[in-house]
Amino acid sequence: THPTPRVVEDVAKQLLIGGRRQDATGGRTFTVDDPATGRSLCQVADAGPDDGRSAAEAAAAAQESWAATAPRARSEILRRAYEIIIARTDELALLMTLEMGKPLAEARGEVAYAAEFFRWFSEEAVRIEGGFAPSPDGRARHLVMRRPVGPCLLITPWNFPLAMGTRKIGPAVAAGCTMVLKPAPQTPLCTLALAGILTEAGLPDGVLNVVTTTDAAALVEPLLRGGLIRKLSFTGSTQVGRILLAQCADTVVRTSMELGGNAPLIVFGDADLDTAVEGAMVAKMRNMGEACTAANRIFVHSSVADEFATRLAARMSALTVGPGTEPGTDVGPLIDAAGRDKVDRLVRDAVERGAKVLTGGELPDGEGYFYPPTVLVRVPRDAGLTGTEIFGPVAALFTFDEEDEVVRAANDTEWGLVSYLFTRDLDRALRVGERLETGMVGLNTGLVSNPAAPFGGVKQSGIGREGGRVGIDEFLEYKYLAIPAP
Ligand code: ADP
């Protein structure tokens, strides 16, 4: 037997509804696994549709008084929660590594990133502004104000278990919205711990309700059609996003959708190769490649293709794969067997079609869902991974000759979240940066995520932005009063 780690034991594993921790209807629970071993960590409450409805009712009941709470009070709650998260970085990081797999150093990085959304939105909460203007004919005055959109449903994925929560909760709290939060079933523990922190920070009962469940479809659909929820903020796959958009249509629920990506990373012949290799490592290997921002297709100019591939393969093969809790681990396990099988399938498909493996590419034996850092070169453009999120530590390299050709190839996808480009030519950077059909472009960097910047995609990568000055807008409505001129 394996003793339950202390940080796991300390998490309240019940639902949070109206300020009360409670069991799921019928006392149902589900297992949370450690992806480094495949073994169970603990059981958490498995909510059904009735629990979902109770949570939405609690959020609706709390909405009016929460909207009337002073912005400064809402701001201070976020600020206190920020301080608590930072003070508990080590515990939260360990919890994250245990349920999700990423190495502790990366988990600590995510804790800081996650906390920053609370600090950022604590600063935005007190800057919600309206306007006052005379009508053009001078006969009326328009008083414009901003109001919270109302009770929100927040659905988060497993890959950034803490930051995907704070990125939605932060602006919702700042705007004065109440919430029902449904985390991914693979990683409910960080969300439950976060709810505890917000309660400690003074968040009133019913403002944040948490429902953990294995049957998201059964719980979510009635909420989106039920009339109490006024807004959906979803981060997950494009496939599920489409289903949810359709469900939102009936009652005209507002949506923010952060969906999949298929990021191109382009290395031009004039790029600084050290910078490009470093950027590719970050864009590819952050979170073991399990990020919607991950470089999915790496296009390298033919004049530097061999050198870039050799250097990247040397960096990738030097990484240490192992449990995220072990010191010195660079690459943890993937989230589960299904995630690893998908990566393996995509690599084998590419190889069958003619790609060459420079490093990695073999499934290891033993427990846990590990996959080695892999570099593929001469990947044919019809390989399955060119149109699928790899979501694993696999760098797929293509070569190109002309700027126009690579821009067209980069844009040849239904997704449009982020792209990365490496060049020392300023004109080219601006020209290509404008032509790439993505919501974000990393220029000589492999990292674009920042709470102070508007994160989001175009095309089928999503609707709306999270973070930045505009992040709070997703949770606010305009309202105006028409007044006769005095
Ligand atoms: P991933 O493939 O990364 O797990 P998903 O889109 O499947 O991405 O999951 C993202 C989130 O959406 C998770 O919280 C998951 O439980 C939830 N989800 C999955 N299917 C549905 C559905 N039919 N309705 C509502 N939520 C869903």
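## A quick tour of the fold, the ligand shell and a few residues

The protein has 14 helices and 22 strands. Keep in mind that this is a predicted model.

Start with the overall dimensions. The C-alpha atoms fill a box of roughly 70 × 70 × 40 Å along the principal axes. For 486 residues, a compact globule would come out with a radius of gyration near 23 Å, and the protein has 23 Å, so the two agree. Buried residues account for 53% of the 486. As for how the chain is wired together, take the contacts between residues at least 6 apart in sequence: 73% of them join residues at least 24 apart.

UniProt, in an unreviewed entry, puts the feature "domain: Aldehyde dehydrogenase" at residues 26-480. Over residues 26-480 the chain is 39% helix and 21% strand, with the end C-alpha atoms 47 Å apart.

Now to the ligand. It is surrounded by 14 residues, and the closest are Ala216, Ala217, Gly236, Ser237 and Val240. Helix H8 (216-225) and helix H9 (238-249) are the elements that give two or more residues to this shell. By type, the shell splits into 10 nonpolar residues, 3 polar ones and 1 charged one.

The unreviewed UniProt entry also lists Glu258 under "active site". Glutamate 258 sits in strand E11 (residues 254-258). Is this residue buried or exposed? It is buried, because 27 other C-beta atoms lie within 10 Å, and the cut-off for buried is 20 or more. Setting aside neighbours within four places in sequence, glutamate 258 is in contact with Phe234, Thr235, Gly456, Gly462 and Glu466.

Two other residues are handy for comparison. Leucine 154 belongs to strand E7 (residues 152-155). Leaving out residues up to four places away in sequence, leucine 154 touches Lys168, Ile169, Met179, Leu181 and Ser233. Aspartate 401, on the other hand, is in the loop between E16 and helix H13 (403-411). Here are the C-beta counts for the three residues.

| Residue | C-beta neighbours within 10 Å | Class |
|---|---|---|
| Leucine 154 | 25 C-beta atoms | buried |
| Glutamate 258 | 27 C-beta atoms | buried |
| Aspartate 401 | 11 C-beta atoms | exposed |

Aspartate 401 counts as exposed because it has 11 such neighbours, and the limit for exposed is 12 or fewer. Some C-alpha to C-alpha separations help place these residues. Leucine 154 and phenylalanine 30 are 124 residues apart in sequence and 21 Å apart in space. For aspartate 401 and leucine 244, the figures are 157 residues in sequence and 41 Å in space.

Finally, a look at helix H10 (residues 273-285). What span should its 13 residues have at 1.5 Å a residue? The expected value is 18 Å, and the end C-alpha atoms are 17 Å apart, which agrees. Within H10, the buried residues are Ala276, Val277, Gly279, Ala280, Ala283, Lys284 and Met285. An α-helix has 3.6 residues a turn, so residues three or four places apart point the same way. What covers the buried residues of H10? The cover includes helix H11 (305-317) along with strands E12 (263-267), E13 (295-301), E16 (394-400), E18 (418-422) and E19 (440-443). Just after H10, asparagine 287 takes a positive phi of about 65°.

How values were computed:
Residues numbered from 1 in each chain as written. Predicted model: local features only at pLDDT ≥ 70, side-chain atom pairs only at ≥ 80, totals over all residues. Near = placed C-beta within 6 Å. Helix = DSSP H or I, 4+ residues; strand = E, 2+ residues; numbered from the N terminus. Nonpolar A, V, L, I, M, F, W, Y, C, P; charged D, E, K, R; others polar. Expected span 1.5 Å × (residues − 1). Contact = placed C-beta atoms within 7 Å. UniProt positions renumbered as here; feature names shortened; annotations may be inferred. Rg over C-alpha atoms; globule rule 2.2 N^0.38 Å.
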